[in-house]
Amino acid sequence: MTKAPNTVEVTYESFRIPVQLADYRTITLTDEERERAVQQASAVPESQQGLTTDYFLQAAFVEKVTSNSTLRVPKQIAHERALSMGRTLQQKLESDQLSLDDYLKAMKTTKDQLIAEFEVEAKQQLRQRIVLLAIAKAEGLEATDADYANEVERLSSSYGMPTEGLVGFFAASGENESVRQDISVSKAADFMKHLVLN
């Protein structure tokens, strides 16, 4: 069994982020962590419990690898993600005919405190995403041109938009790199699932 590389540099939103990866090939979940995944999955119908247990095992494993890896998420990226989460919350509240001010009063918090809480959550999400990108790079699981073409084809069907139009939109908006990263993250997550289940 090959040892996982120690440090991998990932480019994320124009930041170069060195990631000191934990040796994910030797990390294991404890019996308690495995039992917790089974208990979490028991809330869904029995026919879905197997897949749901696998999902929770994968999530626990990714979290364990992430918490044992070392990286610094640039504050600017975490702050932007937190602001985006705030905008999403505001849109949801407005669609339910509620205001952000009423929500803040009910939660006994301020907008600044809410954004600070979102930043903590955003930082954790970004840590996991960046660690998965580092694993994808280390394992040669980055998106190929064929992967990208297949994903654009899938998205064009979902959006009901011609493939060429979507390719042009992604290229013009810079979203093509984000789509490629999504593919890499997905491949790395599948790789993590394979490690934890086998």
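In the predicted model, Tyr159, Met161 and Phe169 form a nonpolar surface patch of about 330 Å². Such patches comprise residues with over 30% relative accessible area and no salt bridge, nonpolar side chains (Val, Leu, Ile, Met, Phe, Trp, Tyr) being joined within 5 Å and like charges within 9 Å; a salt bridge is a side-chain nitrogen of Lys or Arg within 4 Å of a carboxyl oxygen of Asp or Glu. Accessible areas derive from the Shrake-Rupley method with a 1.4 Å probe, and for residues only the protein chains shown count as cover. Met161 is located in the loop between α6 (145–159) and α7 (163–173). With a relative accessible area of 33%, Met161 is partly exposed, a class between buried (under 20%) and exposed (over 50%), assigned with a 1.4 Å probe and protein chains only.

The model is a predicted one, in which local features require pLDDT of at least 70 and side-chain atom pairs pLDDT 80 or more, whereas totals for chains, interfaces and linings use all residues. Residues are numbered from 1 along each chain as its sequence is written, and side-chain values use heavy atoms, with hydrogens and water left out.

The protein chain contains eight helices and two strands, arranged along the sequence as β-β-α-α-α-α-α-α-α-α. These elements are DSSP runs numbered from the N terminus (helices: H or I, at least four residues; strands: E, at least two). The C-alpha trace spans about 55 × 45 × 40 Å along its principal axes. Of the 198 residues, 36% are buried. The exposed area of the protein chain is about 12,100 Å², of which carbon and sulfur atoms supply 51%.

Among contacts (heavy atoms within 4.5 Å) with a separation of 6 or more, 71% involve residues 24 or more positions apart. Two buried helical residues illustrate the packing. Leu155, in helix α6, has a relative accessibility of 11% and counts as buried. Beyond its neighbours within four places in sequence, Leu155 contacts Leu166 and Phe170. The C-alpha atoms of Leu155 and Gly140 are 24 Å apart, with these positions 15 residues apart along the chain counted as their separation. Gln58, in helix α2 (residues 49–67), is likewise buried, at 14% relative accessible area. Outside its neighbours within four places in sequence, Gln58 touches Ala189, Asp190, Lys193 and Val196.

The protein chain carries 22 positive and 30 negative side chains, and the centres of the two sets are separated by 5 Å.

How values were computed: Lys and Arg count as positive and Asp and Glu as negative; His and the chain ends are not counted. The place of a charge is taken as NZ of Lys, CZ of Arg, CG of Asp or CD of Glu.
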